[in-house]
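I wanted a quick look at how this fold is held together, so I opened the file and started a page of notes.

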Amino acid sequence: MDEKLSLICIFKELDSTNEFLENFILAKRDYPIKPVLLFAREQRKGKGRGGKSFYSPKGGIYFSILLPDFLPETTLPLKVGLFFAKKLKSKFKIPVKVKWPNDLIIDGKKFGGILIEGKGSFGIVGVGINLERDPSRFIKEKEITFLNKYLKKSLKVPEFYGLIENWVGKGFFRFIKKSFNLKDWERYSYFKKGDLLTWEEGGKKREGIYQGLTE
């Protein structure tokens, strides 16, 4: 996989950054395609995991990364979540955690999410981060928050674009190609051994006790 970004785009508004890159792949399928980083200031139809929508108004950071020569693997969502959690914690000195498989958490609340999709030999990594606005005023059923609430100095969305470009261009591709580090994951995991978990599977509510990760 090429480790250099070949194209960086910022759009005022899109339906979905992931969807835009899907169409980009179809339009350029007869040409060699290299890694692309795409931002949108707002998404009309932001995509979440499991077919859910991701609330994406102005004031958030929404971007997708196009991965050529994509080799799907079960640990990729974990690696991507871990990568951005580590970058945010290192840069801003805040206690970011990752909730299985790749929700970004602070103070027990979600402030970011990641969606990874495959399109033929390509992969698309979509990331959404609540930065300036408190989404809990509009989404009542979930424990959610926004990043600026925890920063010493509030940031505007454009200030983040350079950070993301730097992080992706200098280390992201190498990080996701490396073997998955279980100990690293456990250090950033929102769940700790003994925690009670609840989830839905096949339309039914399930419960279990978190015991950690193994190969």
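My entries on the sheet, the core and the rings follow.

**Entry 1, the model.** I am working from a predicted model.

**Entry 2, the sheet.** I traced the strands and got an open sheet of seven, ordered β1-β2-β3-β7-β6-β5-β4, with mixed pairing. At the edges I found β1 (7–11) and β4, each with a pairing on one side only. I looked up the twist too: on average, neighbouring strands are turned by 20° against each other, direction ignored. Then I checked β4 against β5: they run antiparallel and are joined by three bridges. I noted K97 with its bridge partner I105 in β5.

**Entry 3, helices on the sheet.** I followed α2 across β3, β4, β5, β6 and β7, and it runs at about 140° to β6. I then took α3, which lies across β1, β2, β3 and β7 and runs at about 30° to β3.

**Entry 4, the core.** I asked for the largest nonpolar core and got 47 residues; F63, I65, F84, L88, L147, F160 and F172 have the most contacts inside it. Elements that each supply at least two residues include β2 (36–40), β3 (60–67), α2, α3 and α4. Which element gives the largest share? It is α3, with eleven residues. I picked L147 for a closer look: leaving aside neighbours within four places in sequence, it is in contact with L88, I94, F111, I129, N130, L131 and F160. Apart from the large core I found another, of eleven residues, among them F24, V36, L38 and L66.

**Entry 5, rings.** I have 14 aromatic pairs in the structure. For F92 and F160 I read 5.7 Å between ring centres and 35° between planes, so I put the pair down as tilted. F92 sits in helix α2 (residues 76–92) and F160 in helix α3 (residues 157–177), 68 residues apart. Both F92 and F160 are buried.

W100 and W185 make an edge-to-face pair, 6.2 Å centre to centre with 90° between the planes. W100 is in the loop between β4 (97–99) and β5 (103–106) and W185 in helix α4 (residues 182–188), so this pair ties together parts 85 residues apart in sequence. Buried or exposed, I wondered of W185? At 1% relative accessibility, W185 is buried, whereas W100, at 47%, counts as partly exposed.

I also wrote down a cluster linked by ring pairs: F39, F63, F83, F84, Y161, F172, F173 and F175.

**Entry 6, a charge on a ring.** I found K89 over the face of Y188, 5.1 Å from the ring centre.

Conventions: Residues numbered from 1 in each chain as written. Predicted model: local features only at pLDDT ≥ 70, side-chain atom pairs only at ≥ 80, totals over all residues. Heavy atoms only, no water. Phe/Tyr/Trp six-rings, centres within 6.5 Å; stacked < 30°, edge-to-face > 60°. Helix = DSSP H or I, 4+ residues; strand = E, 2+ residues; numbered from the N terminus. Buried < 20%, exposed > 50% of the residue type's maximum accessible area, 1.4 Å probe, protein only. Lys NZ or Arg CZ within 6 Å of the ring centre and 35° of its normal. Core = buried A, V, L, I, M, F, W, Y, C linked by side-chain atoms within 4.5 Å. Contact = heavy atoms within 4.5 Å. Pairing = 2+ DSSP bridges. Axes fitted to C-alpha atoms, helices over the stretch in contact; angles between N-to-C directions.
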